[in-house]
Amino acid sequence: MSNSFGLDPRILSGIAALGWKEPTEIQEAGLPIALKGKDILAKARTGSGKTGAYLIPIVQRILHIASTRALIIGPTRELCSQIEAVVRELCVKCLDVVSIYELGSEVETEADISASIVIGTPGRILNALKSERLSLTELSVMVLDEADLLFGFGNDKMVTEIVSHLPGTQQSFLMSATLSEQVEKIKKLTLRNPVTLKLDDSSLPNAETLQQYQINLNEDFEKYLVILSFLKLRIVRGKSLVFACGTNRCYKLKLFLKQFGIPSVVLSSELAAASRHNAVQQFNKGKFDVMIANDQVDLDEEIEEGEHTKAKKEVSVFIRVRKY
């Protein structure tokens, strides 16, 4: 990425380490605005570069004003861990200046939180506020990442309570794939004269061109054979996300496909957080073209849906293996 935005050389080193060669559309449009300190409401799909669009201005601000404090709110622990990993790589040349704290991480302590950048889910952040480990009275920047998912998980009350702790003078970023009624509501509470960025999704298929098919099969073996046929005969191409009911079914399908030379990775809430994060990374980096995700309906699985969404950016087909 060229230095047309006037970025600190240390940030450019981090951008190079991340392999970001050219700014995405949202970064091209949003960075000049964000670097001026303006609030931004961005509507862009997952994988469009939204994370870089707010992280680069935050780090730039910290490097120039050491007292800068930023809060990043994500819908799931896994997304927060991904954000934290990107921040660390972006700050590879300035970690001596930029301190990072992820709420809920394995190294979390009971000490007061005074890091330059704090990352967490609404629940974790609210707990830290109530225990007085975290104060937002001097907050400089706040980010609501994947805002539509935040409210999709029923966190609206917690987010509203967190907003009540804000100083009201902070720069705010509201990043969302859709502009729902809840997103519009929180926009009024957090943003001051925001610049709205709506990316053109012309590269995505229109609703009229999407086709859905349902095949009713009674036995798991029949379902597995159909999926194998789809993948082996290349009836479906590109990355595929398969939802199965229950972790055991996920691994049965994985072993079945492996027998026929089709590698896959499993994503389930029963895996450790680090394993789930690694599964998403491997899928997104192309090590696996098939991800098999647990589709059980309970609270933990609803939270994991955010992980599914982060992995969608290159998916060309979704398959659900339902238990009837």
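## Strands, cores and helix packing in a predicted model

Reader: Let's start in β10: which residue stands opposite V242 there?
Author: Keep in mind that this is a predicted model. Strands β8 (residues 239-244) and β10 pair in the parallel sense, over 5 bridges. Opposite V242 of that pairing, in β10, stands I292.

Reader: And what is the bridge partner of L267 in β10?
Author: Here we look at strand β9 (residues 265-267), which runs parallel to β10 and is joined to it by 3 bridges. The β10 residue that partners L267 is A293.

Reader: How many of the 5 residues of β10 are buried?
Author: Take the two sides of the strand in turn. V290, I292 and N294 point one way and M291 and A293 the other, and all are buried. That pattern fits a general rule: in a regular strand, side chains alternate between the two faces of the sheet. β10 (residues 290-294) is largely enclosed by the rest of the structure, because the number of its residues that are buried is 5 of the 5.

Reader: Over to the open sheet of 7 strands: what order do they come in?
Author: The pairing in this open sheet is parallel. Neighbouring strands are turned against each other by 10° on average, ignoring direction. Read across the sheet, the order is β3-β4-β2-β5-β6-β1-β7.

Reader: Which strands stand at the edges, with one side left without a neighbour in the sheet?
Author: Look for strands that have a single partner strand. Such a strand has one side without a neighbour in the sheet, so it stands at an edge; the two are β3 (100-102) and β7.

Reader: What does A70 stand opposite in β4?
Author: A70 sits in β2, whose residues are 70-73. Strand β2 runs parallel to β4 (residues 117-120), and 4 bridges join them. In β4, the residue opposite A70 is I117.

Reader: And in β5, what is the bridge partner of A70?
Author: β2 is also joined to β5 by 4 bridges, and again the two strands run parallel. On the β5 side, A70 is partnered by V141.

Reader: Which residues cover the two faces of β2 as buried ones?
Author: Both faces are covered. One side has A70 and I72, and the other has L71 and I73. So if buried means under 20% relative accessible area, the β2 residues that qualify are A70, I72, L71 and I73.

Reader: At about what angle does α3 run to β6?
Author: Helix α3 lies across several strands: β2, β4, β5 (141-144) and β6 (171-176). With respect to β6, it runs at about 165°.

Reader: How many residues does α3 give to the largest nonpolar core?
Author: That core has 39 residues, and those with the most contacts inside it are Y54, I58, V59, I72, V98 and I117. Take Y54: leaving out residues up to four places away in sequence, Y54 touches I72, I83, V143, D145, F173 and M175. Of the contributors to the core, α3 gives the most, and its number of residues is 8.

Reader: How many residues are in the other core that lies apart?
Author: Among its members are V118, V159, V183 and I186. The count for this second core is 28.

Reader: Is K50 buried or exposed?
Author: K50 is found in helix α3. Beyond four places in sequence, K50 touches I26, A44, R45, D145, E146, M175 and S176. Its relative accessible area is 5%, and buried means under 20%, so K50 is buried.

Reader: What is the handedness of the crossing of α1 and α3?
Author: Helix α1 (residues 9-18) packs against α3 (residues 50-64) at an angle of about 150°, with the axes 10 Å apart. R10, I11 and I15 of α1 meet I56, V59, Q60 and L63 of α3. By class, this contact has 5 nonpolar, 1 polar and 1 charged residues. The crossing is right-handed.

Reader: What is the relative accessible area of P194?
Author: P194 lies in the loop between α8 (181-190) and β7 (195-198). Setting aside neighbours within four places in sequence, P194 is in contact with D39, I40, L41 and K187. P194 still counts as partly exposed, because its relative accessible area is 24%.

Reader: Zooming out, what share of the 324 residues count as buried?
Author: The chain has 12 helices and 11 strands. Of its contacts with a separation of 6 or more, 75% come from residues 24 or more positions apart. The buried share of the residues is 49%.

Key. Residues are numbered from 1 along each chain as its sequence is written. This is a predicted model: local features need pLDDT of at least 70, side-chain atom pairs count only at pLDDT 80 or more; totals for chains, interfaces and linings use all residues. Side-chain values use heavy atoms; hydrogens and water are left out. Buried means under 20% relative accessible area, exposed over 50%, partly exposed in between (1.4 Å probe, protein chains only). Contact means heavy atoms within 4.5 Å. Axes are lines fitted to C-alpha atoms, for helices over the stretch in contact, and angles run from 0 to 180 degrees between N-to-C directions. A crossing is left-handed if the near helix is turned anticlockwise from the far one by less than a right angle, and right-handed if clockwise. Ala, Val, Leu, Ile, Met, Phe, Trp, Tyr, Cys and Pro count as nonpolar, Asp, Glu, Lys and Arg as charged, and the others, Gly among them, as polar. A nonpolar core is a set of buried Ala, Val, Leu, Ile, Met, Phe, Trp, Tyr and Cys residues joined through side-chain atoms within 4.5 Å. Two strands pair if DSSP finds at least two bridges between them.
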